[in-house]
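This report covers selected local and packing features of one chain. The sequence and coordinates come before the text.

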Amino acid sequence: MGRIVLKNVDKRFGKEKQYAVKDFNLEIEDGEFLVMVGQSGCGKSTTLRMIAGLEDITSGELYIGDKLVNHLPPKDRDIAMVFQNYALYPNMNVYENIAFGLRLRKEPKHEIDQSVKSASRTLEIEQYLERKPKALSGGQRQRVALGRAIVRKPSVFLMDEPLSNLDAKLRVQMRTEIIRLHKQLGVTTVYVTHDQVEAMTMGNRIVVMKDGVIQQVDSPRVIYSNPKNMFVAGFIGTPPINFIEGTVEEQGEKLQLKTKRTYLTIADHHAEMLRKHGKVNRKVVLGIRCENTYADPEMIGRHPQSQIPGTVKLSELMGADTYLYLDIGSDSSFIVRTLTGSDYKDDEPVTISLDMSKALYFDKDTTENLMYV
């Protein structure tokens with residue numbers, strides 16, 4: 001069984017006992033692909049190393065299967081770990097690297113041979129079995145590291161930023177390979193990354209961390225569309241979500257958001273929630289993703305009550321789309337997605353519109369999503 005349970009797990013370092021991970025509670029189901037994501041220093045790799053047994057737990061309980069493993073050494077936890085730097089033995093060829101763990105277990109020679117060749121076929125590295133690691137590309141070395149993990153047939157795979165040393169094209173390719181392997185093997189996998197694109201495309205569920213604390217755990221779709229707070233909303237999504245501060249005001253039967261440059265009409269279903277939270281005549285932060293913002297005249301006409309004047313500061317061609325970085329009087333750039341055929345010049349004045357039905361609203365003080373359910 002590859003089910004993992006962490007109960008009230010803390011990790012503190014140094015004489016001052018500073019928290020690296022605090023009150024971490026999570027259940028990872030057998031066969032699940034779970035991704036932990038966050039900025040550098042958020043505690044995700046420390047959590048992974050505690051699961052592996054490479055870091056001691058300060059307090060709390062960690063179970064793998066039905067067994068409490070707090071004090072079990074790594075070799076007795078039935079896990080296999082894939083590191084960022086591959087951790088291959090340079091004096092051994094590919095075959096020997098993959099077989100090394102099995103030889104330590106004193107597995108029969110014919111079973112080792114069968115396991116190594118089966119893994120190398122799965123990973124398409126059969127032709128490299130006699131090569132030393134220095135003769136391989138980064139992607140080939142990572143396949144060898146994966147092969148060494150696969151042959152052990154563990155109940156849990158742990159992967160610590162395994163693709164961060166690869167170039168962009170190879171990262172996409174290896175991302176696909178790892179997903180394919182997971183579907184084929186069905187082994188519980190805990191994957192750590194700082195790359196939110198990897199998190200969104202790979203995980204059954206995502207754990208977003210900040211300062212050692214879980215911010216939200218959910219599917220990629222829910223994390224993106226219904227973030228729990230401003231940190232999650234801003235961290236997940238490319239380009240990042242736009243934020244606008246404003247004051248909620250009554251306008252007849254409607255609510256409006258008064259910003260520095262204009263008034264935006266709040267959608268009825270959001271107005272109901274804002275009233276419920278007592279936010280009328282209070283400051284809130286509106287969040288809206290760039291795919292729900294428009295600079296093209298046809299789309300602007302569809303949202304006449306949600307227009308903002310701005311100035312183009314930068315345009316970024318992204319193939320099928322162009323992203324405009326605008327000054328709308330807020331503290332940061334406002335990003336709008338437009339059609340590639342549109343031509344905008346720096347410092348050109350533009351009017352944009354927002355699909356207010358897709359907006360999110362955050363408490364200015366707590367940063368919590370007021371629409372979160």
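## Backbone exceptions

Pro239 sits in the loop that links helix 8 (230–235) to strand 11 (242–251). The model is predicted, and in it the peptide bond from Thr238 to Pro239 is cis, with omega near -5°.

A second backbone feature concerns Asp347, in the loop between strand 18 and strand 19 (349–354). Phi of Asp347 is near 70°, which is positive although the residue is not glycine. For context, most residues other than glycine have a negative phi, and most peptide bonds are trans.

## Annotated domain

The UniProt record, an unreviewed entry, places the feature "domain: ABC transporter" at residues 4–236. In the model, helix makes up 36% of residues 4–236 and strand 26%. The C-alpha atoms at the two ends of this span are 25 Å apart.

## Helix 2 against helix 3

Two packed helices are described by the angle between their axes and the distance between the axes. For helix 2 (residues 94–104) and helix 3 (residues 109–122), the axes come within 10 Å and cross at roughly 135°. An angle from 115 to 145 degrees counts as oblique, and helix 2 and helix 3 are therefore oblique to each other. Their crossing is right-handed.

On the helix 2 side, the contact residues are Tyr95, Ile98, Ala99, Leu102 and Arg103. Helix 3 contributes Ile112, Asp113, Ser115 and Val116. By class, this contact of helix 2 with helix 3 contains six nonpolar residues, one polar residue and two charged residues.

## Helix 2 against helix 4

Which angle separates the axes of helix 2 and helix 4 (residues 138–150)? They cross at roughly 30° and come within 7 Å. Angles under 35 degrees count as roughly parallel, so helix 2 and helix 4 are described as roughly parallel to each other. The crossing of helix 2 with helix 4 is right-handed.

Val94, Asn97 and Ile98 of helix 2 meet Val144, Gly147 and Arg148 of helix 4. The residues of this contact comprise three nonpolar, two polar and one charged. Ile98 is listed in the contact with helix 3 and also in the contact with helix 4.

## Five-stranded sheet

An open sheet is formed by five strands in the order 15-19-16-17-18, with antiparallel pairing. Strand 15 (293–294) and strand 18 (334–339) are the edge strands, each pairing on one side only.

Strand 18 pairs with strand 17 (residues 321–327) in the antiparallel sense, over six bridges. Opposite Phe334 in strand 18 stands Leu326.

Conventions
Residues numbered from 1 in each chain as written. Predicted model: local features only at pLDDT ≥ 70, side-chain atom pairs only at ≥ 80, totals over all residues. Heavy atoms only, no water. UniProt positions renumbered as here; feature names shortened; annotations may be inferred. Helix = DSSP H or I, 4+ residues; strand = E, 2+ residues; numbered from the N terminus. Pairing = 2+ DSSP bridges. Axes fitted to C-alpha atoms, helices over the stretch in contact; angles between N-to-C directions. Parallel < 35°, antiparallel > 145°, perpendicular 65-115°, else oblique. Left-handed = near helix turned anticlockwise from the far one by under 90°. Contact = heavy atoms within 4.5 Å. Nonpolar A, V, L, I, M, F, W, Y, C, P; charged D, E, K, R; others polar.
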